[in-house]
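Work through the exercises below with the sequence and the model at hand. Each task is followed by a solution in steps.

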Amino acid sequence: MEHGIVCNWEDMEHLWDCTFDAKLKVDPCRCKVLLMEPLTSLKANRQRMAQVMFEEYGFQGVYVAIQTVLTLYAEGLTMGVVVDLGDGIMYIVPVCEGFTLPHLTRCLDIAAFNRTADFETVWEIKEKLCYISYDLDLDQWLSEETTVLIES
């Protein structure tokens, strides 16, 4: 993969085989799948992912969503601004009613900084403010029991 875009479909299918069979142990014929794609994904990439999921794995349904929109959904929101800090690129993406606003989206190729002070600053922000769950069950329970959605 390069910047979230699949470059080698054979390798990607091996990864999916391992994910669905060995790790998740799911029968694709009995469920649906949600796939994430980067903001810059091409329509052909999205179509190929859906084709593989239906034809190779036999999923009942496929939904391909943009990562930044799912970030807001995870917080119970459909409107906001997402700052997506990747290893080589940063996006600032406004989302309104669940749709990205491409004409307002900004991108910064931080790989071009080649680990300068700016890159180190972005890396430090990512390391200090990003979160990975070590106990998913506990975090899901906490999100359901302690999160309050305030509508204005």
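**Exercise 1.** Which residues does Glu13 touch, not counting residues up to four places away in sequence?

*Solution.* This is a predicted model, in which local features need pLDDT of at least 70, side-chain atom pairs count only at pLDDT 80 or more, and totals for chains, interfaces and linings use all residues. Residues are numbered from 1 along each chain as its sequence is written, and side-chain values use heavy atoms, with hydrogens and water left out.
- Step 1: Take contact as heavy atoms within 4.5 Å.
- Step 2: Outside that sequence window, Glu13 touches Arg48, Val52, Glu56 and Tyr57.
- Step 3: Glu13 is part of helix α1, residues 9-23; helices here are DSSP runs of H or I with at least four residues, and strands are runs of E with at least two, numbered from the N terminus.

**Exercise 2.** Decide whether Glu13 is buried or exposed.

*Solution.*
- Step 1: Buried means under 20% relative accessible area, exposed over 50%, partly exposed in between (1.4 Å probe, protein chains only).
- Step 2: Glu13 counts as buried because its relative accessibility is 18%.

**Exercise 3.** Describe the largest nonpolar core.

*Solution.*
- Step 1: Such a core is a set of buried Ala, Val, Leu, Ile, Met, Phe, Trp, Tyr and Cys residues joined through side-chain atoms within 4.5 Å.
- Step 2: The largest one has 13 residues, and Trp16, Phe20, Met53 and Tyr57 have the most contacts inside it.
- Step 3: At least two residues of this core come from each of α1, β1 (32-37) and α2 (43-57).
- Step 4: Another core, of 7 residues, lies apart from it and includes Val69 and Leu72.
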